[in-house]
Amino acid sequence: MAERAGHRGYIGARPLNGSRSPQHVQNIVIRDYARRKNLQYLLSAAEHIMPGSYMVLEDILDELPRLNGLILYSIFMLPADEARRREIYDRVLREGCDLHAAVEEITLSSREGIQAVEDILLVNKYATIL
Amino acid sequence: MMDTDFLQPDEQALAQRFIDDGFVTTRADDRNGLDRIQRRAAELAADYLKLPPSNDPYAMLDSIHARVSVDDLNGLRLHVFNGLNAEPWFRPTYFRLARSTIETIVGNELCMQRRVNLSIQLPGDSSSLLATHSDVWSGDSPFEVVVWVPLVDVQRTKSMYLLPPSLNGEMQDRMASLRSAEELYKTIKPHATFIEIPYGHVMLFNQTLMHGNRVNEEPGTRWSMNCRFKSIMSPYADKRFGEFFEPILLRPATRVGMQYKLPGGFHG
């Protein structure tokens, strides 16, 4: 197997949970996370602003055979559709990679971790924090 | 009355080229300024690589792939990027490279991106490519333009590609049925044009058009800078005023207008 390059960052321009973070701040958070976790950070790709577009994420998933994994700025950048998310987890783990979310300090490196990630996303979908 | 009636013939021609082709290339307005930027970039690169200063900055930059590995490329890029942006003369000089074109295409009350970007594309390197995109898709306003300046001659895959305006809308309409940005590139590939720009020239392009780059298959390393400009009073998107853009030219009438308050105290 060819040597893998590191962890690709993933940022975006769409608001998350109704709030926004400037892209350079997202990159700072990812870079800091990578430094603390001793991961080699590769320059982030920025997802399209159009709602429902995950074309840039798909490019990163296609790149996984050459990566150790990816670092999302936030777990809430994953698609809203659960089946599509599960396809993403499958692809990441099948390629021997891991998935990180910098803001939430989440690491998904095995199938056992999937439900914990899904619990966060589902509770966030239905519960409102006042 | 058409606004073109108020423009000089050369301005009309430039504006029409920008509309029709999506870009214009011109000689740098300030060639000495461009040479100064190139020289400083080469000095910073030599500093990072612990090499003696070169008296041929063009050759130094164009052949940097012989002296740096892909693994160390981003370290080099950040060192030169930070060093250039730390120079107080750098951004005003960058603006002067294309001032006349910017003022014709955008206007003369302007804001400028706070940090000028730097790209280095080593021959054969796939680690830092920009997939097919429009800047607007990642949060830029459609009212912005990009001033793109190479520090070496660029042509074919050593340059960037752009989709012509006549095809951009049609391709955008097909986008949602495509899976990834790479698939999008394969769709537009027959129509994308790699823009040839000799050193000493600058390009100003419409960043709402699809563009990107591919693996550099030419023998030399590409060094290019890019920076966005927009009319200060035009709409902003996710790249906000203050955090991403800062004003560089604000005219007295606008300052007066922003400070004016109508007389108050009426109680009728």
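Residues are termed buried when their relative accessible area is under 20%. The structure described here is a predicted model, and the burial criterion is applied throughout to its helices, aromatic pairs and individual residues.

Aromatic contacts were examined over all chains, and nine aromatic pairs were found. One of them joins Phe95(B) and Phe229(B) in a tilted arrangement, with 5.9 Å centre to centre and 35° between the planes. Phe95(B) belongs to helix α5 (residues 90-97) of chain B and Phe229(B) to strand β9 (residues 222-231) of chain B, so this pair ties together parts that are 134 residues apart in sequence. Phe95(B) and Phe229(B) are both buried. A further tilted pair is formed by Tyr161(B) and Tyr185(B), whose ring centres are 5.1 Å apart and whose planes enclose 50°. Because Tyr161(B) lies in strand β5 (residues 161-162) of chain B and Tyr185(B) in helix α8 (residues 181-188) of chain B, the pair ties together parts that are 24 residues apart in sequence. Both tyrosines, Tyr161(B) and Tyr185(B), are buried. Tyr185(B) also has Arg214(B) over its face, at 3.8 Å from the ring centre. Elsewhere in chain B, ring pairs link Tyr236(B), Phe241(B), Phe244(B) and Phe245(B) into a cluster. Within this cluster, Phe244(B) carries the charged end of Lys239(B) over its ring, 4.8 Å from the centre.

The nonpolar interior was considered next. The largest nonpolar core has 59 residues, and Tyr94(B), Trp223(B) and Met225(B) are those with the most contacts inside it. Helix α2 (residues 31-48) of chain B gives the most to this core, contributing seven residues. With residues up to four places away in sequence left out, the contacts of Trp223(B) include Ala45(B), Leu61(B), Ile64(B), Leu76(B) and Val80(B). Leu118(B), Ser119(B) and Ile120(B) are also touched by Trp223(B), as are Val149(B), Pro150(B), Leu151(B) and Val152(B). A second, separate core comprises 37 residues, among them Leu42(A), Ala45(A), Ile71(A) and Met77(A).

Two helices of chain A were analysed in terms of length and sidedness. Helix α3 (residues 82-94) of chain A has 13 residues, which at 1.5 Å a residue should span 18 Å; the end C-alpha atoms are 18 Å apart, in agreement with this expectation. Arg85(A), Ile88(A), Tyr89(A), Val92(A) and Leu93(A) are the buried residues considered in α3(A). They cover an arc of only 125° around the axis, and therefore lie on the same side of α3(A). An α-helix has 3.6 residues a turn, so residues three or four places apart point the same way. Exposed residues Glu87(A) and Arg94(A) are carried on the face of α3(A) turned away from its buried side. The buried residues of α3(A) pack against α2 (55-63), β3 (69-72), β4 (98-101), β5 (106-108) and α4 (114-126) of chain A. Gly96(A), which follows α3(A), has a positive phi, near 75°.

Helix α4(A) likewise has 13 residues and reaches 19 Å from its first C-alpha to its last, close to the 18 Å expected at 1.5 Å a residue. Its buried residues are Ile114(A), Val117(A), Glu118(A) and Leu121(A). The arc that they cover around the axis is only 95°, which puts them on the same side of α4(A). On the face turned away from this buried side, α4(A) carries the exposed residues Val123(A) and Tyr126(A). The buried residues of α4(A) pack against α3 and β5 of chain A.

Individual positions were then inspected. Ser44(A) is located in strand β2 (residues 41-47) of chain A. The C-alpha atoms of Ser44(A) and Tyr10(A) are separated by 5.1 Å, although the two residues are 34 residues apart along the chain. Beyond four places in sequence, Ser44(A) touches Gly9(A), Tyr10(A), Ile11(A), Asn27(A) and Ile30(A).

In chain B, Asn206(B) is placed in strand β7 (residues 201-206). Its relative accessible area is 17%, so Asn206(B) is buried. Phe18(B), Gly22(B) and Leu162(B) are touched by Asn206(B), residues up to four places away in sequence not being counted. Gly139(B) is found in the loop between β3 (117-121) and β4 (144-150) of chain B, and is buried with a relative accessible area of 0%. Apart from neighbours within four places in sequence, Gly139(B) is in contact with Ala13(A), Gln23(A) and Ile49(A) of chain A and with Ala237(B), Asp238(B) and Lys239(B) of chain B.

How values were computed
Residues are numbered from 1 along each chain as its sequence is written. Chains are lettered from A and ligands numbered from 1 in the order in which they are written. This is a predicted model: local features need pLDDT of at least 70, side-chain atom pairs count only at pLDDT 80 or more; totals for chains, interfaces and linings use all residues. Side-chain values use heavy atoms; hydrogens and water are left out. Helices (H or I, at least four residues) and strands (E, at least two) are DSSP runs, numbered from the N terminus. The expected span of a helix is 1.5 Å times one less than its number of residues. Buried means under 20% relative accessible area, exposed over 50%, partly exposed in between (1.4 Å probe, protein chains only). The arc is that of the directions from the helix axis to the C-beta atoms. Contact means heavy atoms within 4.5 Å. Rings of Phe, Tyr and Trp (its six-membered ring) pair if their centres lie within 6.5 Å; planes under 30 degrees apart count as stacked, over 60 as edge-to-face and the rest as tilted. A charge sits over a ring if NZ of Lys or CZ of Arg is within 6 Å of the ring centre and within 35 degrees of the ring normal. A nonpolar core is a set of buried Ala, Val, Leu, Ile, Met, Phe, Trp, Tyr and Cys residues joined through side-chain atoms within 4.5 Å.
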